[in-house]
Amino acid sequence: KFHCNSVVGMTTVNRCLDAAKACNVDDLCQKLRTEYVSACIKPTAKSGLCNRPKCNKALRRFFDRVPADYTHELLFCPCTDTACAERRRQTIVPSCSYETVEKPHCIAQMRTCNADYVCRSRLAQFQYDCEPSKTSASGCKQENYGACLLAYTGLIGSTITPNYVDNSTSSVAPWCSCSASGSQREECDNFLGYFTDNICLSDPGPAEPLMQDLQHRTGGICHD
């Protein structure tokens with residue numbers, strides 16, 4: 001929770017709850033969010049499992065068509081407890097959208113992605129917009145957090161859908177592993193590192209523009 005000093009005094013703000021409420025009162029956000037949740041939790045009559053392709057198609061539609069003001073608040077809202085963090089992790093219905101019993105190898109995931117034009121172009125955009133740089137003041141070569149977050153959300157619903165790895169940190173990664181990589185270990189680690197060890201995706205990266213936006217809306221100064 002964040003406490004904001006405003007003209008009306010101290011107000012406790014639950015950003016994740018506010019993000020969900022904001023989406024529910026926007027027709028497009030509410031409609032497409034309902035569509036993807038329905039697609040991702042509905043079991044198929046034949047297997048009893050969810051329809052993953054349909055789920056991911058609905059997810060891509062949501063993140064492609066709904067303004068970032070709504071999607072970024074839902075995905076990157078700050079959490080201070082595990083219940084909030086788990087709700088945030090469940091935003092894209094991981095059990096259907098990407099989770100499997102065994103984590104696939106990241107190199108195999110990359111190859112599958114590169115064989116698909118849309119996935120390949122979105123991965124390239126993400127690696128461009130979120131490229132770290134030791135010579136940049138912010139640590140990010142492009143110094144554009146908004147573009148980086150947009151490129152990150154562009155990967156959701158693809159072969160390499162990224163998400164929070166657990167409900168105790170803000171770490172993100174696609175559902176894949178670099179174990180038993182052999183001679184491809186460096187390539188695999190570099191790919192995974194774009195998510196797990198990327199200053200462009202860590203605080204104050206995602207949080208900073210969102211905090212500024214919250215301050216603008218509340219007319220106050222927010223702090224932990």
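**Exercise 1.** In this predicted model, determine how helix H1 and helix H2 are oriented to each other, and which residues make the contact.

*Solution.* Begin with the geometry: helix H1 (residues 15-24) and helix H2 (residues 27-41) pack at an angle of about 105 degrees, and their axes lie 6 Å apart. Angles of 65 to 115 degrees count as roughly perpendicular, and H1 and H2 are therefore roughly perpendicular to each other. Next, identify the partners: H1 contributes Ala20, Cys23 and Asn24, while H2 contributes Cys29, Gln30 and Arg33. Finally, sort the contact of H1 with H2 by class, which gives 3 nonpolar, 2 polar and 1 charged residues.

**Exercise 2.** Establish which residues of H1 are buried and how they are placed around its axis.

*Solution.* The buried residues of H1 are Arg15, Cys16, Ala19, Ala20 and Cys23. Because they cover an arc of only 140 degrees around the axis, they are on the same side of H1.

**Exercise 3.** Check the length of helix H10 (residues 185-196) against its expected span, and then find what its buried residues pack against.

*Solution.* With 12 residues at 1.5 Å a residue, H10 should span 16 Å, and its end C-alpha atoms are 15 Å apart, so the two values agree. Within H10, the buried residues are Cys188, Phe191, Leu192, Gly193, Tyr194 and Phe195. These buried residues pack against helices H7 (106-114), H8 (117-129) and H9 (145-153), as well as strands S3 (162-164) and S4 (172-174).

**Exercise 4.** Classify the exposure of Thr82.

*Solution.* Thr82, found in helix H5 (residues 82-89), has 46% relative accessibility and therefore counts as partly exposed.

Conventions: Residues numbered from 1 in each chain as written. Predicted model: local features only at pLDDT ≥ 70, side-chain atom pairs only at ≥ 80, totals over all residues. Heavy atoms only, no water. Buried < 20%, exposed > 50% of the residue type's maximum accessible area, 1.4 Å probe, protein only. Helix = DSSP H or I, 4+ residues; strand = E, 2+ residues; numbered from the N terminus. Arc of directions from axis to C-beta. Axes fitted to C-alpha atoms, helices over the stretch in contact; angles between N-to-C directions. Parallel < 35°, antiparallel > 145°, perpendicular 65-115°, else oblique. Contact = heavy atoms within 4.5 Å. Nonpolar A, V, L, I, M, F, W, Y, C, P; charged D, E, K, R; others polar. Expected span 1.5 Å × (residues − 1).
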